[in-house]
Every structure is written in structure tokens, then in C-alpha cells.
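Q: I have a model open and want to learn to read its features. Where do we begin?

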Amino acid sequence: MAISRRQYDAVVVGAGGAGLRAALQLAEAGLKVAVLSKVFPTRSHTVAAQGGIGAALGNMGEDSWLWHMYDTVKGSDYLGDQDAIEFLCREAPQAIIELEHFGMPFDRNDDGTIYQRPFGGHSSNFGEKPVQRSCCAADRSGHAMLHTLYQRNVRANTQFYVEWMALDLIRDAQGNVLGVTAMEMETGEISILQARATLFATGGAGRIYASTTNAFINTGDGLGIAARAGLPLEDMEFWQFHPTGVAGAGVLITEGVRGEGGYLLNKDGERFMERYAPNMKDLASRDVVARAMATEIKEGRGAGKDADYVLLKLDHLGLETIEKRLPGIREIARKFANVDPVRDPIPVVPTVHYQMGGIPTNYYGEVVVPGANGPNTIVPGFYAAGEVACASVHGANRLGTNSLTDLVVFGKATGDRVIEFLKNNPGQRELPADAADYTLDRMNRLDTRKGGEDPASVARDMRRTMQFHCGVFRFPDTLTEGVAKIREVYERAQHLEIKDKSRVFNTARIEALELLNLIEVARATMVSAEARKESRGAHDRADFHERNDVEWLKHSLWYRDGDRLDYKGVTLKPLTAESFEPKARVY
């Protein structure tokens, strides 16, 4: 197969919030930038974010980046790196102001300032009382952000490769990353996109689970590519189950509903969160609310004929507030739950929403591999930002609204670091003669195999295994069994057969390639979860009810070769602030 080659200063894989913010920084610096996206940029999954962007602007009352930092550290169950968390929270207000100047249509107060709503886990004065910190555009904040950033990139002449899929990293003998191999999805043709710097912003991998708020495009492509290149994946046992996905559909109902005054009820009409989080109630951290809901359902207080969901009540907010602040939620409830929240509560269940782990990076977006017996190593020319990366600001549980904050803060910071790297490393490095051989071999096996496994069947078994063996509550026997089962599914995935051998508009081929990325993530998640012998944040084990800071205040690192696990310490020292020492986490 003939391979075309295209050269750029930087290649950004993924056109969500992080990718577009980084690309904008690069393009406005006069660099030649290419952005690859499986979908049109404004259809990237950032478009689905609803509730808002966390930043201590103080428009609704006193607030401080230090309080935001405290809430983020506490939300992470003390597994977040405090240098990165301080960086995130200090930079957040400026990131909001930049978006405002870019033209993002935020909701406004009467005095013209940006409206901010309350959100779960956000507090003033180090947990004293709730604070309004989420900067929002109704319940379509991600939509507004994505369109704003895309338009700015068009203005800056960023080049987009729409409906292209990255396949593998290209590295030389010294370990430098020199770009990616990629496929144009329409034609099936493979190309080399050579770059002096390569940035992954491919988002999460929620599609390893059967029930998820994630779009069908969220297939962990960046994670799978990194794992195949021999790089570790960090903290993959930690998956956030959003408390409120529509029962039976998984579609997200933003935490902003509870921020605006909505609350949860069990079948008896009880506001049960008052028993689990007496202070913050329905605005406790997401893992706390999700486990409370799961407990209510498990103990027989769920609603519906099968008692398998709880109810989210917001009719008391009134039609005017719902139409002004939550119009998209009303539309979602009507379409996916067949209820009008102006009159009736919405049936909701905890649903897989966000991965806290990812490709290990520092807060400049540089991919960092811990040394076996020495210092960490920065992978030259390779960067990651957004959900695919693990800086780690989210630790064991992400604070609501920090996902969008993460995208714009680290998207910009990564762009700045790439610019600095390119100034110090002029010119393209020479491509290895075998730059595309690994990819071509993978594609050839996929295209020619006969009598292999059906990709849809393997994907279904992967999702069932993850849902049952690695859910909200995790049990020792099901985790051990889950490791064995996911390894079996993994072996089956190495022998996929595509019945349609054509390359043009072949969606089966794309789905098989996506499955090969997802299965890497699924294996990393299950193996890491079984190995962590404690409960922390979103990882809740029935045989280890308590957090264990003595043995487990550390990040896990999973390597594809032999399912090897390594660990590294949590950075408890911030950049300038006093350290927040681990303590009991109550709301």
C-alpha cells in the first residue's frame, strides 16, 4: 500500500475542548498545525458537557482559588497531585476571561457579570458552606465552548483533518515521537502525519462499559495507541459514575439541576441524601452521591416496577427557571425518559461518566514516564491534555465542572509548552524507514483474517464484563474473576475478522480498530482495580471499606506488556500554597 506523508510543526489528535484550545495557541503563534478528528470538531464529546466551568471568579459572593483548590484536593480523595491542582485553580479565572473575550455566550447577572451556579463539592472557606462557582451557558456549556473555540481556530487558519482516525505513534530509536500514522475514514487510505510535536487530546474511553454517558466516539484511541507504544496508563481503576444518568438510556442529566435546587428522592419520597451527607446533601461529591443512590436501590428503596432507579425532582423550580437555566434537560427528559420535569420527576441511575486516569503527564502536558530506578523521563515531542491525560488533578474522583476547566487550562498550558519545545528543537527529525510498518501489519492482519472473532460480539462481552465486575461497588471475588474474563476477551480481540473487506466507508473496520483501543483500556482498568486493596474516591471495595493512606497513597501505572503494575507517589507539595494533608472526607 502506498503511504503518503505530510509534515507539520504540530499534530493535534482530537478536536474537543483541549485539542482546540491547544491548537489555537499553536496556530496563533504562527505554527503549521493539523488537527485530526473522527467527527466534525463541533461534534466532539465536549459538546455534551452541560453544567459549567469551575473558576473562582467570585461573581455571586466571596470566593478564592485556594478554596477551589481545597475542594479539588478533597474531591480527589487526596490522590490528586497538589502542584497540578494549584496550577489548575489559579489559572481557571483567566481561562474564563479568555473564553469570554473569544465570544463564548455565558449566562449573565443583571450587572453584566458571568452568572455562576452552585455545584456538588464546591464550598467556601474550606468546606464551610456551598458556593456558586460554575460559570455556565444555560445547560449547554460544552456546546458553547466548543463552537467558540472552533470558530477561533478557523480564524487562525488551523488545518482540520475531519473524519480521520489516528492509528499508531511513530517513534525513532531514541524514543522521540515524530507523529502518527492515520487513516482517512472515507477511503481507508493510510498516511503518515509527521510532526515536530504530537499532542493527544482524544478524550475518554467510557465505551468500555455497557451503560455510559459517553458518546460512541469515546473509544480510548489515545490510550490504546500509547499503551501499544509501550507507555504506561496511570490510575485507570478510577472511573467516575455520574449520579444522574437517565435510567435505561444513560444520557447525562447535569449536576446543574441539583445546583439550581433539584433534589433526589427514593420510592418513599424521602430526600435520602440528608442521611449520607448532612451538610452538602444533594451537592456532595459525585462518588458520595452515586454510592448513596446505589445503596438506596440495593436496599430496596428504588422506584419503578423493578425498583432499579431513584427520582430527580425539579418541578418545584417552576417553568420559568427550568426554561431559562435548564432547557436542554427538559428536552432530554422528554425524549429519553418520556417525562416532562415541569410536572414529574426524572428516573435516574449512576452511570459511567469520566475517567480520572490516563496518559501520565505533568501540568505542562508533557508525557512523563517514571524511571525504573531514577528520575522521571519526559517523552520528547509527545504531549497529552484533557480527559486522555492524567496530570493528575482529578485523583480518585473528579470535582464537578473541573472537566471543562481542565480542557481550557491544560489545553493552553500544553500549547505554550509545545511552542517552547519547537523553538528549542528546530527542523524535522528523520523518519525511520519502517515508520508505518507496524500499522500496515496490524491493518493487513485485520483485513485478511478468516474464521476470526466477530467484533460486535467481542465488544458486547467486554462491556458486560466491565459493567458487572468493575462497577460502582467492587467485590474481591468478582474483581478476580473479572481479570480472568477480561483477559479472555482481550485474547479474542486479537483475532478479529471483518466480513466486509472493502476499505471505502467501512464502518465495521473502524469499529474493530476502536475495539482494539478499548480492550487495552478495559484490561488496564480491571487489573489496576483488582490490585488496589483499599476504597478511595470512585473505587469502592467491599473487602476494604476504608482509605489506606499508609500503603495506597500512590498512583498506579499499568504497562501492557505482561499486565505489569508499578506505582509512584502522590505530589502533596503545591507550588506556593500550604499542603492539604489527607484527612477524613465528609460532606
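A: Begin with aromatic rings. This is a predicted model. Ring pairs join Trp67, Tyr70, Phe126 and Phe580 into a cluster.

Q: How many aromatic pairs does the structure hold?
A: The count is 18 aromatic pairs. Take phenylalanine 200 and phenylalanine 382 as a worked case. Their ring centres are 5.0 Å apart and their planes stand at 90 degrees, so this pair is edge-to-face. Planes over 60 degrees apart earn that label.

Q: Which parts does the pair of phenylalanine 200 and phenylalanine 382 tie together?
A: Look at the strands. Phenylalanine 200 sits in β9 (residues 190-200) and phenylalanine 382 in β17 (residues 377-384), so the pair links parts 182 residues apart in sequence. Both phenylalanine 200 and phenylalanine 382 are buried.

Q: How are the rings of tyrosine 383 and phenylalanine 421 placed?
A: The centres of tyrosine 383 and phenylalanine 421 lie 6.2 Å apart, with planes at 70 degrees, so this pair is edge-to-face. Tyrosine 383 belongs to strand β17 and phenylalanine 421 to helix α11, so the pair ties parts 38 residues apart in sequence. Tyrosine 383 and phenylalanine 421 are buried.

Q: What else does tyrosine 383 meet? Arginine 417 touches which residues?
A: Leaving out residues up to four places away in sequence, arginine 417 touches Tyr364, Glu366 and Tyr383. Arginine 417 is in helix α11 (residues 402-424). Is arginine 417 buried or exposed? Its relative accessible area is 17%. The cut-off for buried is under 20%, so arginine 417 counts as buried.

Q: Now the cores. What is the general idea?
A: In soluble globular proteins, nonpolar side chains tend to be buried together. Here the largest nonpolar core has 75 residues, and Val11, Phe200 and Ile359 have the most contacts inside it. Helix α15 (residues 507-531) gives the largest share, 13 residues. Apart from this core lies another of 62 residues, including Ala137, Leu146, Ala201 and Phe580.

Q: Which residues does phenylalanine 200 touch?
A: Beyond residues up to four places away in sequence, its contacts include Val13, Leu169, Ile225, Ile359, Phe382 and Tyr383.

Q: How do I read a sheet?
A: Strands of a sheet pair through backbone hydrogen bonds, either parallel or antiparallel. One open sheet here has 3 strands in the order β10-β19-β20, with antiparallel pairing. β10 (233-234) and β20 (564-569) are at the edges with a single partner strand each, so one side of each has no neighbour in the sheet. Between β10 and β19 (residues 554-559) there are 2 bridges. Leucine 233 stands opposite tryptophan 558 in β19. Helix α15 lies across β10, β19 and β20, at about 135 degrees to β19.

Q: And what of a helix such as α10? Which of its residues are buried?
A: In α10 (residues 327-337), the buried residues are Pro327, Gly328, Ile329, Arg330, Ile332, Ala333 and Ala337. They pack against β11 (239-246), α6 (256-259), α9 (319-325) and β14 (346-355). Asparagine 338 follows α10, and its phi is positive, near 60 degrees.

Q: Last, cysteines. How many disulfides does the count come to?
A: A disulfide is a covalent bond between the sulfur atoms of two cysteines. The count comes to 0 disulfides here.

Q: Why is there no bond at cysteine 135?
A: The closest cysteine sulfur, in cysteine 136, is 7.6 Å away, too far for a bond. The cut-off is within 2.5 Å. Cysteine 390 is 16 Å, sulfur to sulfur, from its closest, cysteine 89, again too far. Cysteine 135 is buried at 0% relative accessible area, and cysteine 390 is buried at 1%.

Terms used:
Residues numbered from 1 in each chain as written. Predicted model: local features only at pLDDT ≥ 70, side-chain atom pairs only at ≥ 80, totals over all residues. Heavy atoms only, no water. Core = buried A, V, L, I, M, F, W, Y, C linked by side-chain atoms within 4.5 Å. Buried < 20%, exposed > 50% of the residue type's maximum accessible area, 1.4 Å probe, protein only. Helix = DSSP H or I, 4+ residues; strand = E, 2+ residues; numbered from the N terminus. Contact = heavy atoms within 4.5 Å. Pairing = 2+ DSSP bridges. Axes fitted to C-alpha atoms, helices over the stretch in contact; angles between N-to-C directions. Phe/Tyr/Trp six-rings, centres within 6.5 Å; stacked < 30°, edge-to-face > 60°.
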